[in-house]
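Let's take a walk through this protein together, starting with the chain as a whole and then stopping at a few places along the way. Have the structure open beside you as you read.

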Amino acid sequence: MATFPTDAVAIVNSITFLMSDRRPDRGFSIKKTYKNNIFVSQSGHEKRNSISRRPKRSFSLEYKNISGGYKEVLEQFYDARLGDFEAFNFDSTYIGLVGTILVRFDGDIDISEVVTSTTIDKSIYNVTINLTETFT
């Protein structure tokens with residue numbers, strides 16, 4: 001099973017790019033949700049049941065003004081997981097937390113070009129990825 005960021009590596013124009021060398025911007029976000037079952041009757045009364053006591057966390061990582069090599073690393077890692085199909089380990093020390101979390105991509109990878117150059121490694125991009133925690 002792959003681990004992000006240590007397994008996110010790409011070679012572009014004979015230059016090796018490692019995601020462990022490039023941290024996300026300071027504005028990453030973490031969301032927590034609890035899985036609850038809510039039944040609302042026609043009269044308006046509610047009955048709530050907790051399905052799980054473990055919160056499911058979502059992470060949003062933004063990389064602004066990164067070179068095309070790092071964009072290629074993120075895109076190749078996303079493609080290798082087939083988008084949101086395959087789960088992988090996320091080393092949370094990468095964003096200042098403790099431990100390893102089993103995650104998958106949540107939705108599409110958002111790539112926007114900022115500066116165009118003649119080669120991909122000299123172009124500048126903004127990339128946003130969303131991860132959601134999965135339980136086995």
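A good place to begin is with how the chain comes together: of the contacts in the protein with a separation of 6 or more, 66% are between residues 24 or more positions apart. Please keep in mind that this is a predicted model. The protein holds one helix and eleven strands, and reading from the N terminus, the order of elements is β-β-β-β-β-β-β-α-β-β-β-β.

Now step back and look at the overall dimensions. Along the principal axes, the C-alpha atoms occupy a box of roughly 65 × 30 × 25 Å. The radius of gyration of the protein is 18 Å, whereas a compact globule of 136 residues would have one near 14 Å. Of the 136 residues, 34% are buried. The accessible surface amounts to about 8,400 Å², with 47% of that area belonging to carbon and sulfur atoms. As for charge, there are 17 positive and 17 negative charges in the protein, and their mean positions lie 11 Å apart.

Next, find the helix, H1, which covers residues 68-80. Its 13 residues should span 18 Å at 1.5 Å a residue, and the end C-alpha atoms are indeed 18 Å apart, so the expected and modelled spans agree. Many names come up when we ask which residues of H1 are buried: Gly 68, Gly 69, Tyr 70, Lys 71, Glu 72, Val 73, Leu 74, Phe 77 and Tyr 78. Just past the end of H1, take a look at Leu 82, which adopts a positive phi of about 60°.

Tyr 78 also leads us to our next stop, since Gly 107 touches Tyr 78 and Asp 84, leaving aside residues up to four places away in sequence. You will find Gly 107 in the loop that links strand E9 (100-105) to strand E10 (110-115). Its relative accessibility is 29%, so Gly 107 counts as partly exposed. For a sense of distance, Gly 107 and Ala 2 are separated by 105 residues in sequence and by 19 Å in space, C-alpha to C-alpha.

Finally, move along to strand E11 (residues 124-133), where Glu 133 sits. Is this residue buried or exposed? With a relative accessibility of 7%, Glu 133 counts as buried, because buried means under 20%. Not counting residues up to four places away in sequence, Glu 133 touches Arg 54, Pro 55, Lys 56 and Arg 57, along with Ile 101, Leu 102 and Val 103.

Notes:
Residues are numbered from 1 along each chain as its sequence is written. This is a predicted model: local features need pLDDT of at least 70, side-chain atom pairs count only at pLDDT 80 or more; totals for chains, interfaces and linings use all residues. Side-chain values use heavy atoms; hydrogens and water are left out. Helices (H or I, at least four residues) and strands (E, at least two) are DSSP runs, numbered from the N terminus. The expected span of a helix is 1.5 Å times one less than its number of residues. Buried means under 20% relative accessible area, exposed over 50%, partly exposed in between (1.4 Å probe, protein chains only). The radius of gyration is taken over C-alpha atoms; the globule rule is 2.2 Å times the number of residues to the power 0.38. Contact means heavy atoms within 4.5 Å. Accessible areas come from the Shrake-Rupley method with a 1.4 Å probe; for residues, only the protein chains shown count as cover. Lys and Arg count as positive and Asp and Glu as negative; His and the chain ends are not counted. The place of a charge is taken as NZ of Lys, CZ of Arg, CG of Asp or CD of Glu.
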